[in-house]
Amino acid sequence: VLDKLIQLTVNGVMAGAVLALPAIGLTTIFAVLRFVDFAVAGHMAVGAYAGYMLNNAFGMPPWAAIMGAFIAAGAVGIGTDHLALKPLRRSTALTLAIASIALNIVVESALRVAYGSAPRDFDIPLQRDWSFGGLHLGPQQVENAAIAIVVMAVLFLFLTFTATGKAMRAVADNPILADSKGIDPDRMTRLALGIGMGVAGIGGMLVALDTAIDPAVGFRSILSVFAAAVLGGLGSIPGAVVGGIVIGLAEELSLLGLPSTYKSGIGFLAILIILTLRPRGLLGRPA
Amino acid sequence: MRNFTKSTVTRRHALLGAATVLTAPVILPTRGFGQASGPIRIAGLLPLTGGGSSFGPNMRAAHHAVVDEVNGAGGLLGRKIEYLVEDDQTNPEAGTRAATKLIDVDKVSAIMSVWASSVGSAVLPLCWENHVMMLAIAAADSIALLPHQGYFVRTQPHTELQGAQFAAFAIAQKAKHLFVLMPQTPFTDSVMKGVKDLCEPKGVKVSTLVYDAKKTSFRSEIDEVMRAAPDVLMMGGYQPDDIVVAKDVFRANYKGKIIGFAYGITPQFVEGAGKEAADGIYSIEPVPSASSSAFARLKKLMKKEDLDTYICQAYDHANLAILSIAKAGEASGTAIRDNIRKISNNDAGMHVDNALDGLKALAAGKEIKYDGASGPCKFSEIGNILSVTFRINQVQGGKIVEVKA
């Protein structure tokens with residue numbers, strides 16, 4: 001049982017680290033725009049396909065193709081938001097969230113038209129797991145977790161130490177005050193969208209590296225991503241990291257007592273509990 | 001204040017009410033009525049996207065080919081056939097929305113080639129309530145047991161039959177321990193039960209695990225498999241989850257034999273999972289009737305040498321629907337229901353392998369027996385196909401080839 005517990009914990013942390021990236025994307029956009037943008041799912045897929053193209057067509061290794069995933073998902077995110085969601089910006093958060101679901105369908109459908117529905121695979125050799133006694137760990141799992149940690153660290157440094165990052169946080173904290181200080185809210189909005197969707201795109205590519213690429217690669221994990229963001233506190237980037245790890249762990253550890261078919265229910269359960277007991281999330285600020 | 005004790009119904013209200021009642025049948029949508037004029041509408045509800053997307057487009061092409069042939073020869077009952085198609089996304093919610101549109105808006109008589117069991121289970125009640133015939137592929141045993149009033153037949157062998165093939169494979173391989181790993185589907189329980197019922201009396205231990213196909217990784221589920229150390233692993237998912245499972249099994253260094261449903265182990269599966277993970281995996285496939293004249297005819301019609309069972313079944317569905325309508329002399333779901341066995345189970349009739357020949361024979365007053373590309377197309381009382389053969393395939397060097405068990 002102890003072996004199983006440790007193995008599930010390892011699997012949960014690895015899965016949670018990857019899950020944290022799109023959760024960061026979702027929460028970054030929420031912090032500035034104040035609505036839940038479910039289109040991150042489609043942009044995870046955009047990132048996955050961009051990485052796939054760079055890997056398969058240009059022979060770039062996955063760690064280098066990650067940059068392409070970030071740029072493509074970020075650019076498409078800014079563009080699609082400009083066309084579909086920006087005109088609705090004065091509407092309620094619920095209207096915008098629903099519109100973002102529609103946008104997500106459009107993005108996924110566009111990928112389906114461009115690439116078809118058949119799953120695709122990166123041009124990288126499939127590696128056997130490393131074994132340590134009764135435990136095992138996949139090289140791809142470790143690589144994905146390492147990339148996720150590096151991305152999180154870069155994002156943290158950007159938001160903490162650069163003037164632009166500080167300006168973005170200022171808009172998230174108090175847009176009126178930030179505006180009065182001469183910070184361009186439109187520019188910060190585009191930046192938040194670019195970073196949020198870009199990071200989600202990297203998350204999509206990491207999921208695809210471990211599984212396969214298809215237009216629904218992001219949509220399959222959107223419930224867990226949303227649960228992670230809510231659990232950590234919508235708008236809190238450290239919260240999204242904690243939320244991702246906790247949801248990843250909870251989904252895997254649930255196998256100790258629940259059938260595997262209830263894994264999806266963990267996300268719902270987490271949302272229910274956190275909204276009932278602590279609506280602001282683990283690291284969110286009071287409304 | 002309004003006096004509720006006094007009736008407020010005036011003569012004008014009464015007249016308006018009566019007029020409404022009288023005109024309602026004309027204005028409101030009706031159900032169960034045949035298509036008396038205009039084109040005869042039949043539809044494909046197909047997996048053009050999602051887990052079954054490898055098959056949907058070819059099935060649509062087979063439907064089109066049959067309908068175009070019949071329309072080119074003058075149509076059916078003196079009217080053109082209008083073929084409509086909707087994408088069920090291999091998803092019951094999307095499938096239900098699409099079926100509702102086909103039934104309520106397009107007023108189709110038949111919905112053909114419903115592929116996924118989850119979609120079939122969700123859509124069949126709409127069909128029988130609205131007297132629309134479903135000609136399906138969906139294999140879950142439970143579907144045929146629904147109170148469908150005869151508005152259902154399927155050409156795919158039901159899952160209990162398929163489960164028996166997996167058991168036979170494990171026994172033939174002299175397996176000591178078979179692990180059945182399947183997603184939650186309407187047929188999961190019946191397949192698992194079927195495999196256990198056949199394997200355990202032969203001394204083959206059977207372990208089972210049902211997973212959530214919506215998740216992106218199954219590493220922890222594969223850990224369970226590895227702990228059980230089976231010598232045969234049955235991978236019972238659809239293509240997208242089979243890909244992830246196959247990769248995770250390869251990574252975990254599993255050395256036993258792996259077998260899955262042929263609808264999961266496809267060329268797209270090999271591409272998605274990669275050759276290393278896919279090589280050596282077996283699959284069980286219902287065999288189309290490759291020696292039949294219908295199969296040869298379909299090859300020419302589709303200009304394809306390699307026809308999978310689903311193209312053949314889709315071809316058969318379109319022929320069966322058209323010939324049933326012709327036999328009835330009426331375009332409705334009820335007419336198809338009441339006549340489909342008269343043209344499919346009637347061994348004494350003139351054997352035909354396509355709608356054109358069947359229409360000519362029926363016009364000449366002859367009885368017919370339709371022999372399909374997927375098989376003899378004879379149906380039980382609850383709609384199951386009566387006779388099917390299977391073959392075993394294996395991925396070898398990235399290609400799927402037929403092998404002996």
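I take contact to mean heavy atoms within 4.5 Å, and I keep in mind throughout that this is a predicted model.

**Entry 1, the cores.** With that cut-off I looked up Met234(B) and found that, leaving aside residues up to four places away in sequence, it touches Phe166(B), Leu178(B), Phe179(B), Val180(B), Leu181(B), Met182(B), Val191(B), Val195(B), Ile259(B) and Phe261(B). I then looked up the largest nonpolar core, which has 103 residues, and noted that Met234(B) and Ile111(B) are those with the most contacts inside it. Helix 13 of chain B, residues 309-328, supplies the largest share of this core, with twelve residues. I also noted a second, separate core of 80 residues, whose members include Leu33(A), Ala73(A), Ala228(A) and Ile274(A).

**Entry 2, the interface.** I turned to the two chains and found 36 residues of chain B in contact with 35 residues of chain A. The area buried between them is about 2,900 Å², and carbon and sulfur atoms give 48% of it. On the chain B side, I recorded Lys215(B), Arg219(B) and Arg251(B) as the residues that lose the most area to chain A, together 23% of what that side buries.

**Entry 3, polar and charged pairs.** I looked for salt bridges across the interface of chain B and chain A, and the rule finds seven. I wrote down the pair Lys263(A) and Glu221(B), which form a salt bridge with their closest N and O atoms 3.1 Å apart. For polar contacts across this interface, the rule finds 19 residue pairs, both residues being at pLDDT 80 or more. Sorting the side of chain B that touches chain A by class, I have eleven nonpolar, twelve polar and 13 charged residues.

Notes. Residues numbered from 1 in each chain as written. Chains lettered and ligands numbered in written order. Predicted model: local features only at pLDDT ≥ 70, side-chain atom pairs only at ≥ 80, totals over all residues. Heavy atoms only, no water. Core = buried A, V, L, I, M, F, W, Y, C linked by side-chain atoms within 4.5 Å. Buried < 20%, exposed > 50% of the residue type's maximum accessible area, 1.4 Å probe, protein only. Helix = DSSP H or I, 4+ residues; strand = E, 2+ residues; numbered from the N terminus. Buried area = accessible area lost by both parts, 1.4 Å probe. Salt bridge = Lys/Arg side-chain N within 4 Å of Asp/Glu carboxyl O. Polar contact = N/O pair within 3.5 Å; in protein donor to acceptor, adjacent residues only side chain to side chain. Nonpolar A, V, L, I, M, F, W, Y, C, P; charged D, E, K, R; others polar.
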